[in-house]
Amino acid sequence: MMRYEGNEKLADETSCAGVRADLKMCLLESECCRLDKKTPRQCLQDNSVPPECQVLRNTFYECKRSLLDNRQRFRGHKGY
């Protein structure tokens, strides 16, 4: 999870916004995007991203899935 200093906040206040921002930054800092000049979507489709980005991708998926799951009303949304 990225740490924000001072009064920094994400402009997006929706559910899963923190996970989305972390995934985006992880993908943009990966070698696939920096050196190969591919888009983050192409890197995800090629599975050429580091394992920490794969973990964030799975966390983002679970967070989005929990928005549709009625059982999560009682447990709360996954993610941060």
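1. The largest nonpolar core of this predicted model has 14 residues. Those with the most contacts inside this core are L23, L27, C43, V49, C53 and F60. Four helices each supply at least two of the core residues: α1 (17–28), α2 (31–34), α3 (40–46) and α4 (51–68). In soluble globular proteins, nonpolar side chains tend to be buried together. L23 is worth inspecting on screen: leaving aside residues up to four places away in sequence, L23 touches C53, L56, R57 and F60.

2. On the overall fold, the protein has 5 helices and 0 strands, and its elements read α-α-α-α-α from the N terminus on. Buried residues account for 26% of the 80 residues. Of the contacts between residues at least 6 apart in sequence, 41% join residues at least 24 apart. The accessible surface is about 6,200 Å², and carbon and sulfur atoms hold 50% of that surface.

3. The structure holds 3 disulfides. With bonded cysteines counted along the chain, their pattern is 1-6, 2-5, 3-4. Each pair is taken in turn below.

4. C16 is joined to C63, with an S to S distance of 1.8 Å. C16 sits in the segment before α1 and C63 in helix α4, so this disulfide ties together parts that are 47 residues apart in sequence. The torsion about the S-S bond is about -95°, and the disulfide of C16 and C63 is therefore left-handed. Both cysteines, C16 and C63, are buried.

5. C26 and C53 form another disulfide, with 1.9 Å between their sulfur atoms. Because C26 belongs to helix α1 and C53 to helix α4, the pair ties together parts that are 27 residues apart in sequence. This bond between C26 and C53 is also left-handed, since its S-S torsion is about -100°. C26 and C53 are both buried. C53 also appears among the core residues with the most contacts, and C53 is one of the residues that L23 touches.

6. The disulfide between C32 and C43 has its sulfur atoms 2.0 Å apart. This pair links distant parts of the chain, with C32 in helix α2 and C43 in helix α3, 11 residues apart. A torsion of about -95° about the S-S bond makes the disulfide of C32 and C43 left-handed. C32 has a relative accessible area of 3% and so counts as buried; for C43 the value is 0%, also buried. C43 is listed with the core residues that have the most contacts.

7. Why is C33 not bonded to C43? The closest cysteine sulfur to that of C33 is in C43, at 3.7 Å, which is too far for a bond; the cut-off for a disulfide is 2.5 Å. C43 is instead the partner of C32. C33 is buried, because its relative accessible area is 11% and the limit for buried is under 20%.

8. The count of salt bridges comes to 2. Side chains of opposite charge can pair when their charged atoms come close. D46 pairs with K38, the closest N and O atoms being 2.9 Å apart. D46 is partly exposed at 43% relative accessible area, and K38 is partly exposed at 31%.

9. The other salt bridge is between R65 and E62, at 3.4 Å from N to O. R65 and E62 both lie in helix α4, 3 residues apart, about one turn of the helix. The relative accessible area of R65 is 45%, so R65 is partly exposed. E62, at 22%, is partly exposed as well.

10. Which residues other than glycine have a positive phi? K37 has a phi near 60°, and N47 has a phi near 55°. K37 is found in the loop between α2 and α3, while N47 is in the loop between α3 and α4. K37 counts as exposed because its relative accessibility is 69%. N47 is exposed too, with a relative accessible area of 54%, where exposed requires over 50%.

Notes. Residues are numbered from 1 along each chain as its sequence is written. This is a predicted model: local features need pLDDT of at least 70, side-chain atom pairs count only at pLDDT 80 or more; totals for chains, interfaces and linings use all residues. Side-chain values use heavy atoms; hydrogens and water are left out. A nonpolar core is a set of buried Ala, Val, Leu, Ile, Met, Phe, Trp, Tyr and Cys residues joined through side-chain atoms within 4.5 Å. Buried means under 20% relative accessible area, exposed over 50%, partly exposed in between (1.4 Å probe, protein chains only). Contact means heavy atoms within 4.5 Å. Accessible areas come from the Shrake-Rupley method with a 1.4 Å probe; for residues, only the protein chains shown count as cover. A salt bridge is a side-chain nitrogen of Lys or Arg within 4 Å of a carboxyl oxygen of Asp or Glu.
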